[in-house]
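Subject: The structure I promised you

Hi there,

Here is the structure to look through at your own pace. Please open it first, and then read my notes below with it on your screen.

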Protein chains: 2
Amino acid sequence: MTQQSYNVAVVGATGAVGEKMLETLDNKNFPIKELHLLSSKRSAGKEMEFKGETYVVQEATPESFEGIDIALFSAGGSVSKKLAPEAVKKGAVVVDNTSAYRMDPEVPLVVPEVNESDIQTHNGIIANPNCSTIQMVASLKPIQDEFGLSRVIVSTYQAVSGAGTEAVEELRTQSQAFLDGEDLHAELLPVSGDKHHYPIAFNALPQIDTFEDNDYTFEEMKMINETKKIMHDNEIKVSATCVRLPFFTSHAESVYVEVDKTDVTTDELKQVIGQADGVELEDDPANQVYPTPLASAGRSEVFVGRIRKDLDVENGYHLWVVSDNLLKGAAWNSVQIAESLIKNNWL
Amino acid sequence: MTQQSYNVAVVGATGAVGEKMLETLDNKNFPIKELHLLSSKRSAGKEMEFKGETYVVQEATPESFEGIDIALFSAGGSVSKKLAPEAVKKGAVVVDNTSAYRMDPEVPLVVPEVNESDIQTHNGIIANPNCSTIQMVASLKPIQDEFGLSRVIVSTYQAVSGAGTEAVEELRTQSQAFLDGEDLHAELLPVSGDKHHYPIAFNALPQIDTFEDNDYTFEEMKMINETKKIMHDNEIKVSATCVRLPFFTSHAESVYVEVDKTDVTTDELKQVIGQADGVELEDDPANQVYPTPLASAGRSEVFVGRIRKDLDVENGYHLWVVSDNLLKGAAWNSVQIAESLIKNNWL
């Protein structure tokens, strides 16, 4: 029996996440019949390799989705808002990696290790959560299941690749300028299109995405709202402080949690986290074992370490959560959703 | 009337903090009669400039403190343990910037903006707190005074200069190697003398100082214990996660606090923090105004921004606190203590 294969479109193929989508589809041997690489008009015509073949990137239009089974979108919210409904009309199922539909009550927001079954409620679009949310909820799910979860306070340590390939280039250029004793030119970060830009090289910027009226950034509100939606619990108290840092790959998170169950030992917590799908325990302080962004880059798992009990608050625990923001935080989670659509006949 | 002047010794003059001590004594026009620069045997003989004059660094011995009024120690805990009592015997008052005496109940641990009057209880030694503690308690003191403070959860973003000049060189060398596509050699960080070393360039290391038996690092326990001692309240719940990051100067801190008073507005909080001694409010999200490590380097103040109310917890607030770890975090706080000794006749 031949395995069924599918016509797949990648929208935003030339971007930082798009490239990782192709790598992941290749590495995971996704059953592709035809692959269509789509982009903005500006990037159309570019050639990209996939499994040894050369593909010419086409401009994404409503007609691009004719005959497509699965469309992986990662070209910005405005592109998704315009083209995802067109793709659905043509019969494709869209996995959208932008914030366009994440909080839409009609659209499931999915991290397969946490809420895979939500996928089957889709009406053509499934949203991929924000990168910093995905890795956090993957580490929180086993805690919620086993001990109950009432509170989360997270401070993030986020890589520049989350802001796209131009931000990666800005960090590289500024870092070299700094080492050469030259002036730093900031033209992009913290937020492309915002009023002011600040150097990221050898610095820390406590702003990711634009500010909301409540003085939280949109990134912080994404972590707060998406966590509640994915974990199916609007009562969990969640707060977030999101910080952009001068490294290229992987987000790290200092996460404080309070659980419902009393007298949970850190050994129990470690055991539960260590057994969770997609999560790897790296926690041995005596031997200086803990996750770091550099060591986690290029890997699909969510790594958790520094697990310890709060010294004052019964039921309070601290974790350090690290994952490749372009893989589990974006491309790999999207491809996982696509795999689940096929495996469960939910297309 | 001539202002009185004093014989001052700087122990560890050639280190990262020692150099900042000299800069600060100069900038603040500290009333120096004779300046003695002391170091380990290894660095003795080195020449250093102060106010246009050249000084030859001498090896620190018990005899070095003959006739010294004020000795500023910053040459590591073992040097302080050995020589601070000798300096006191010779009649000097020691301001010690190591962890050697900080938790000694006989030794005041002082941030002048917070607990200046503790200085007068000294028996010859006054301890300068850990850098990451100093800037945090400076920002918390006005909150404690005005609203009562019951809880603190901090995640730090700490510069490599806190680990000394060799760590600064390691970040510089590794950063250049990374940009050149070469392998990174880690020989020092996270902790000189610990078993394993990891690259800091374009990375984040969730270990500062060695691990204690409770799986917290010594740096984390310093923040927890010192905060309670300086703020004179063992009932404040404090927890800390300390992270070393790839920048040279200034520590940043994501601080969550709970206050006793109900219905405090963020405007009230901003007003109280903005009026506090040694603290500068930089908080205007609409105009992207918030403190960053690069912008705070070389300045003596503690900068506070991103002040906002927790979205779930009544009495919960979030702050972002940044300060130059070598100035307010070390040299400037030590010199402030010395100034207070003189001004208040507490020598």
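The angle between α5(A) and α5(B) falls outside the ranges for roughly parallel, roughly perpendicular and roughly antiparallel, so these two helices count as oblique to each other. Please keep in mind that this is a predicted model.

**Where the two chains' helices meet**

Two packed helices are described by the angle between their axes and the distance between the axes. For helix α5 of chain A and helix α5 of chain B, both covering residues 165-179, the angle is about 135° and the axes lie 10 Å apart. Their crossing is left-handed. On the chain A side, the contact is made by Arg172(A), Ser175(A), Gln176(A), Phe178(A) and Leu179(A). On the chain B side, you will find Arg172(B), Ser175(B), Gln176(B), Phe178(B) and Leu179(B). Sorted by type, the residues of this contact are 4 nonpolar, 4 polar and 2 charged.

**A helix pair within chain B**

Now turn to helix α1 (residues 16-27) and helix α9 (residues 327-343) of chain B, which pack at about 50° with their axes 9 Å apart. That angle makes α1(B) oblique to α9(B), and their crossing is right-handed. From α1(B), Val17(B), Lys20(B), Met21(B), Thr24(B) and Leu25(B) take part. They meet Leu327(B), Ala330(B), Ala331(B), Trp332(B), Ser334(B) and Val335(B) of α9(B). This contact divides into 8 nonpolar residues, 2 polar and 1 charged.

**Aromatic rings**

How many aromatic pairs does the structure hold over all chains? There are 17. One of them joins Phe50(A) and Tyr55(A) edge-to-face, with 6.3 Å from centre to centre and 75° between the planes. Both Phe50(A) and Tyr55(A) are buried.

Another pair brings us back to a residue of the α5 contact: Phe178(A) pairs with Phe202(A) in a tilted arrangement, 4.6 Å centre to centre and 40° between the planes. This pair links distant parts of the chain, since Phe178(A) sits in helix α5 and Phe202(A) in the loop between α5 and α6, 24 residues apart. Are these two rings buried or exposed? Phe178(A) has 22% relative accessibility, so it counts as partly exposed. Phe202(A), in contrast, is buried because its relative accessible area is 4%, under the 20% cut-off.

Finally, look for Tyr157(A), Trp320(A), Tyr157(B) and Trp320(B), which ring pairs link into a cluster.

Happy exploring!

Conventions: Residues are numbered from 1 along each chain as its sequence is written. Chains are lettered from A and ligands numbered from 1 in the order in which they are written. This is a predicted model: local features need pLDDT of at least 70, side-chain atom pairs count only at pLDDT 80 or more; totals for chains, interfaces and linings use all residues. Side-chain values use heavy atoms; hydrogens and water are left out. Axes are lines fitted to C-alpha atoms, for helices over the stretch in contact, and angles run from 0 to 180 degrees between N-to-C directions. Helices (H or I, at least four residues) and strands (E, at least two) are DSSP runs, numbered from the N terminus. Angles under 35 degrees count as roughly parallel, over 145 as roughly antiparallel, 65 to 115 as roughly perpendicular and the rest as oblique. A crossing is left-handed if the near helix is turned anticlockwise from the far one by less than a right angle, and right-handed if clockwise. Contact means heavy atoms within 4.5 Å. Ala, Val, Leu, Ile, Met, Phe, Trp, Tyr, Cys and Pro count as nonpolar, Asp, Glu, Lys and Arg as charged, and the others, Gly among them, as polar. Rings of Phe, Tyr and Trp (its six-membered ring) pair if their centres lie within 6.5 Å; planes under 30 degrees apart count as stacked, over 60 as edge-to-face and the rest as tilted. Buried means under 20% relative accessible area, exposed over 50%, partly exposed in between (1.4 Å probe, protein chains only).
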